[in-house]
Amino acid sequence: MFDLDDFVNKYVIYADTSSLMCEKASDFFEIKLLSALQRNKKKLRILSNVEGELNGLARDREKSVAANKALTTLMYYRQFKILEYVNYQEKCIADQAFLHVFLNERTKYDICLLTEDKRLAKDIILNIRNIDSTATEYELAAVQLRTGEPVFWDIDRLDAELELSDIENYSIKNENENYKMPISFTLDNSATMVGERLDSFKKAMFEFVDRLKYNDMDKCVEYSISIFDGFKPRLIKDFTSDNFNRAAIISGQIPFLGKSLDNSLNALERRLAQLDALGRQYYKPWIVVLSDGLSFDNVEPQMERIRQLDDGNIVYLPFMLSGVESSKELNAMVTYKNKRPLVLIENKFKEMFDWLYLMLAKRITTPLSEGFKLDRNLLKGWAK
């Protein structure tokens, strides 16, 4: 729970142009933060550079509404005497001014910047903090308001968030779009996946596949999905089909992991044979398995198939749902080389699919002839 009273008492707070213009942050600035500052007799700090940017954007046809609304909000703050105007003399963009001001003031008090800018948040939290010559006991922080509620930027995932933002509007390079990147999903929809857990999983999964299509990555990335379905697991999406029945992913199905893996592996082998026959080149396929490891059938034959494929020909990525402690169930998903499943922390499905998306985008923008390593440093905070 974000306690605004504690927040305004702990930090000297600055606001960036991006947060002041954020549509969903209106209530935060006009009601919540304003009230908290009044109650605690504190002030919001605004750099002259930010106000200068807002005045400039107020003349922009597309951004004038948001900029004028932000200027009106600052006018209210002045009227209530809860705005401290910081006149930064040098002519530069606000981001540069923030870095200079925070560098100078970080040894005096705890400072926080309200910003939607990932790069600026990274510079504030990580880069300035790591300058040894200005080491201090005081804290540097950054808060985002894109959901309408204040949330601290996650330091552990800031690099990953930043990299992901860099490819949000990514379009595949022409020289790579003729190469296919097959990825096979075997997904658990047994009784383990129920209620909020299933909802979180489906939301993250659907965002992942929608993002592939929206950013034209589906020209290169093609995927299959195999799920449990009573006594007969089925493939709800093959590599060459455009869409799949999203309503088919329901919970409470009987966990025949072995049969479901068979569906995935058969579909993958068929697709690779098709690509070979067409003379089409493709990246090393990925096999992604998400399961609690519990299966009513024998999984070992399928693990042996994966072991045979995994000898330099595929990338095997097993993910284990948290809360499963049985070594038997964990070992069921282990291939050779002691490749144990990554265990998701809580229900961090969004982080898992964000990571997969980021790794896929990096893979398909790397020449086919070059090696590629998954960045496991970005697992911190959501898998172990």
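**Figure 1. Overview of the predicted protein chain****.** Of the 384 residues in the protein chain, 51% are buried. This model is predicted, and its secondary structure comprises 13 helices and 12 strands. Among contacts with a separation of 6 or more, 78% are between residues 24 or more positions apart. The chain exposes about 18,700 Å², of which carbon and sulfur atoms supply 47%.

**Figure 2. Pairing of strand 2 with strand 1 and strand 3****.** Strand 2 covers residues 44–47. Two bridges link strand 2 to strand 1 (residues 12–15), and the pairing is parallel. Strand 2 also runs parallel to strand 3 (residues 83–86), to which four bridges join it. Leu44 is the bridge partner of Ile13, and Leu44 also has Leu83 of strand 3 as a bridge partner. Leu44 and Ile46 point one way from strand 2, whereas Arg45 and Leu47 point the other way. Residues on both sides of strand 2 are buried, Arg45 included.

**Figure 3. Two lysine residues with positive phi in loops that lead to strands****.** Lys41 lies in the loop between helix 3 (26–40) and strand 2, and its phi is near 55 degrees. Lys81 occupies the loop between helix 5 and strand 3, with a positive phi of about 60 degrees. Most residues other than glycine have a negative phi. Lys41 has a relative accessible area of 78% and is therefore classed as exposed, the cut-off for this class being over 50%. Lys81, at 65% relative accessibility, also counts as exposed.

**Figure 4. A nonpolar surface patch that includes Met75 of helix 5****.** Met75, Tyr76 and Phe80 make a nonpolar surface patch of about 290 Å². Met75 belongs to helix 5, which covers residues 64–79. The relative accessibility of Met75 is 39%, so this residue counts as partly exposed.

**Figure 5. Helix 10 and the elements against which its buried residues pack****.** Helix 10 comprises 22 residues, from 257 to 278. At 1.5 Å a residue, the helix should span 32 Å, and the end C-alpha atoms are 32 Å apart, which agrees with that expectation. The buried residues of helix 10 include Leu257, Leu261, Ser264, Leu265, Leu268, Arg271, Leu272 and Leu275. Gly258, Ser260 and Ala267 are likewise buried. An α-helix has 3.6 residues a turn, so residues three or four places apart point the same way. The buried residues of helix 10 pack against four strands, namely strand 7 (181–187), strand 8, strand 9 (234–237) and strand 10 (286–291), and against helix 11 (300–309). Gly279 follows helix 10 and has a positive phi, near 70 degrees.

**Figure 6. Surroundings of Ser224 in strand 8****.** Ser224 is located in strand 8, which covers residues 221–227. With a relative accessible area of 0%, Ser224 is buried, because the cut-off for that class is under 20%. Apart from neighbours within four places in sequence, Ser224 is in contact with Ile183, Ser184 and Phe185, and also with Leu235, Lys237, Asp238 and Phe239. Strand 8 is also among the elements against which the buried residues of helix 10 pack.

Methods: Residues are numbered from 1 along each chain as its sequence is written. This is a predicted model: local features need pLDDT of at least 70, side-chain atom pairs count only at pLDDT 80 or more; totals for chains, interfaces and linings use all residues. Side-chain values use heavy atoms; hydrogens and water are left out. Buried means under 20% relative accessible area, exposed over 50%, partly exposed in between (1.4 Å probe, protein chains only). Contact means heavy atoms within 4.5 Å. Patches are made of residues with over 30% relative accessible area and no salt bridge: like charges are joined within 9 Å, nonpolar side chains (Val, Leu, Ile, Met, Phe, Trp, Tyr) within 5 Å. Accessible areas come from the Shrake-Rupley method with a 1.4 Å probe; for residues, only the protein chains shown count as cover. A salt bridge is a side-chain nitrogen of Lys or Arg within 4 Å of a carboxyl oxygen of Asp or Glu. Two strands pair if DSSP finds at least two bridges between them. The expected span of a helix is 1.5 Å times one less than its number of residues.
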